[in-house]
Each structure stands twice: as structure tokens, then as C-alpha cells.
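Colleague: I am new to this structure. Please take a close look at one part for me: the largest pocket.

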Amino acid sequence: STSLRMYNLQFGELEGNIRSNMEIDFLNDHSLFSLETIHTSYRYEPFSIMLQGEGTSDSLHINSFNINDDLTAELILNLYPSPSFKLNLSGEEVGLQRYLRYFITPYTASHFSGMIDLELELDFPHTFNGRARGRGLAYKELGPCNNELTFSLINGLNNKRSFRDGIIELSNLLSNMQGEMLASATGRLHLNNDLDIDVTADLDNFSLQELMPEIELKGLVDSEWYYRRADRENEVGVKLNASEVSYRGLKLDSLNVEAKQRDQILYIDEFQAVGEDLFIADIEGTLGYNLITNRFYSGTDQIDFHFRGDLLKILAHNFDFLEDASSQTELELHFGIRQDELSVMSGHFTLEGEYLKVLNQPARAEDIQIAMLFADNRLSIDKFESRIGEGKIFLRNEIRDNEHDFEIGMLQLGHFFAHTTENGITIHIPSYFPHNSVGNVLVSGRDSEEAEIRGPFDKIFIIADLHLSNTSV
């Protein structure tokens, strides 16, 4: 009998006690043993193991193996006349979140919920099958749903059913809590030296609201997903068609996607979104980027993005402080990878706005003219002006490559400079102007014609003079 204190040098990883007992009968070549953990934790989460077994010089039989009181197993190992290994594992109402806490952070694990029933049978090297049923599975607002995964070892090449050259066949069904099927998947894992894999999942007339009832996302989706691994090369792909998609104020008549991800290249053959006669957005091309691993690979590949539509009206539909708007907009951007980072290589933006109505502002912004250019992660404003009341406001930018430049991601915006015509723009300033009154505001710099707006965004600094007229303060 022994009692062992165990711990990991990395504090909190593994800690607890193990009590074990072994009896050996050398004369009859037989042994008995048992093991149990006491007050044991891994990554601060409690876990327990209890096992009992017996053995000989060439065999081992663990007839009772219990993990956390919800997983049980039986294991048999024989060396004679030929090596063999048998394992039967089962569990009922196994808490998904509890076991995830052993492998991911407690905060991330707390977003998961659901129970799993598990059955697994292994008789190496010729038998391997199992079933995992998930009930009430959810992640944040995704779900809840039910899932059933089955797998089995079937004959491979040369009609052999073996881990050395066999095939594991997979089948998966995803359903809602009422038992109605949402998606299905099938696949094969070829157990050769390269571990070739071919898995396909189909979602037919799939309702986004069924799977995400807590999110204001609606729509019907038909899609096919696949994962293939051959000759040690990986490929993930999707073909997707969606209709009647809506999220809060944004509605799509259609969304069509055809894309695939290889180890170092992302291919977008088609990505087109059409929204309520308001816009058409297209993305296509290739990029040295792995979406799954979030790794970049420098090269000459390029993704092209093109947007045509009424951008101001889209914004008005999604922001409460904008009442209404009308515009014609075109945005074209070309993305590439430079020095292992995503870069805006080139592009342009033009907007001709008929009007923009801001909440609680009597005067509309009209005759809005914007023209911008993008090059090498830099934005250059060629034209930015609008009439508000009797006057006009103008905006330009200047990149100075210092700590006061505004930046959005990889894109440098620089300093902004604004001014108005001499008669000023007609606006209402809450807390300064009487209710329902307006005034003319002339914007200029302290010692120049232009007001300066410095960054960064978390520390904005404005150098300006505001001259008020035709109002009472």
C-alpha cells in the first residue's frame, strides 16, 4: 500500500493525493491492485479516479475504472498469444462544461452548456465504434440543440478492417429541441500514414433563428461544408446560399458564398450580398491567410472588395441618431499580405449624398460630396464637403506619421482639418441653444482657417474656434 502526494511545478495545474494497493502472488502468477485519488484537482477543477484490476505476467484486466462518478470503463490488455487491447467506455449525463474546464479557461467554458451520453467500444486492432449523444448543447446565444455522432471502423484497402489501413466512418445529426433535423454530416477517416480525411456536412433549408433564437438573426440557408485531408494537405470549403436574411436593421435579399481554405491560401470564388435594393457587395480573389489558424503568408495574392449602394440609408436604418438619408456610394478595396500582415494595397471611395437627417437637427446635411483614395495602408481625402443650412463644411486629412495620427486597424487616417464658409453651418447644439432653436456656427482654427483634430481615438484633442451667430445662448 502506498500514499502519494502529487503536484505540478506549474502552480495550480495538478494537485492531490493518490492511494494505491497491490497484492502479488508470484507462485500463481496473479496480482490484484487498486488506485484512487483523494482531494485531487487539475487546473483548480476537482476530479476523481477509482480503479480496480487484476493481472498476470502477460495480461492486465481493469474491471472497474471510474472517472468523476460519471464515466466508467473496462480495459483488457493481453500480450500472448498476440498483443490485443480492449476498452469499453460509457457515460450518462456527462456535463460538457465540467470537462471543458480541464482544457480551456473557466471563463470560456462557462459559455458552454449541455449533457452528453457516451458509448465507446475498442478491440484493437479490428473493432472500433461508438456513439455520443448531446442534449441541450449551447454556446452563448447559439442553441440549445441536440446532436448525435456515431462512428465505426469498416474495411479499408485490401478488404482489411484494421487500424493499420482501415477506414473510420462517421455520421452526425444535428436537431432542435423538438427533434426536427437541422443538419447532417458524413465522413471517412482513412487510417494510413497520412491520415486522409473526407467529411461533408449539409444544411438544407436551415433556419438561423432555430439555432440562434437569442440573436436577432433570421434567414434560411442551404449550404454544403467539407473538410478534406490528402497527402498531408488540408482543405476546408463551403458553398452557401441564403435568403430572407435580416439582422436588426440590415436585410439581405440573398447571400451567395463559395470559398475554400487551404493550408496557406484562402480562396474566395464568390461572395455576393444583395440587400433590399440598397446595395450589392462582392468579394473575390485569393489571400495568403489561414482563417482557422489566423496566420498570414506574404505573397502576391489579392482579395478584391466592391460595394455599390446607398451607404447613408443603411447607416440610418442601423443607428437611432440618424433619421433618414439618401446617397449613391461606391467603395473598392484591394487587400494583400505585406510583412505577414493584412494590408490595404489600393482602393477608392466615392459618395454623393442627396441628404442626411440627424435626430434633433432641424437642418439637413445636403449636397454631400466625398472622394477618398487608399494606398499602402493610407487614406487620403480628396474631397469632403456638405451644405448644412446656408453654409458649407469642409474636411481634409494629413498623415504626419506621429503619435497623433488617427488609425483604424492597419489603416492610417492622419490628422483631420475642418472649416466652414464665413456664414457658418446651421445646427442646434443641445445644452447651449434654447429648445428647438438653431444658430449659425462658423468653424475655424485658433490661428488659422482650419480647426485641427488630433488622435489617437482614445485621446482626441481639438484645436478650434467656434463663432456663433443668429442665436441666443
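Modeller: The pocket comes next, then the elements around it.

This is a predicted model, where local features need pLDDT of at least 70, side-chain atom pairs need 80 or more, and totals for chains, interfaces and linings use all residues. Numbering starts from 1 along each chain as its sequence is written, and side-chain values use heavy atoms, without hydrogens or water.

First, the setting. The protein chain holds four helices and 34 strands (DSSP runs of at least four residues for H or I and at least two for E, numbered from the N terminus). Its C-alpha atoms fill a box of roughly 110 × 50 × 45 Å along the principal axes.

Now the pocket (an open set of 1 Å grid points that fit a 1.4 Å probe, with protein on both sides within 12 Å along at least five of seven lines). The largest pocket holds about 680 Å³ of space, counted as the space filled by probe spheres on joined points. Its lining has 30 residues (an atom within 4 Å of a point). Leu356, Ala365, Phe384, Ile388 and Ile393 lie nearest the centre.

Which elements give two or more residues to the lining? There is helix H4 (311-318), and there are strands E24 (341-358), E25 (365-375), E26 (378-388), E27 (391-398), E30 (425-427) and E32 (451-454). E24 gives the most, with four residues. By type, the lining has 25 nonpolar residues, four polar and one charged (Asp, Glu, Lys and Arg are charged; Gly counts as polar).

Some of these strands lead to further details. Take E25 and E26. Asparagine 377 sits in the loop between E25 and E26. Asparagine 377 is not a glycine, yet its phi is positive, about 65 degrees. Asparagine 377 is buried, at 17% relative accessibility (buried is under 20% relative accessible area). Across the protein chain, 38% of the 473 residues are buried.

Next, E30. This strand belongs to an open sheet of three strands, ordered E30-E31-E34, with antiparallel pairing (at least two bridges make a pair). Three bridges join E30 to E31 (residues 439-444). Isoleucine 425 stands opposite valine 441 in E31. E30 and E34 (465-469) are the edge strands, each with a single partner, so one side of each has no neighbour in the sheet.

Last, E32. The loop between E32 and strand E33 (461-463) holds proline 456. Glycine 455 and proline 456 are joined by a cis peptide bond, with omega about 5 degrees.

How values were computed
Buried means under 20% relative accessible area, exposed over 50%, partly exposed in between (1.4 Å probe, protein chains only).
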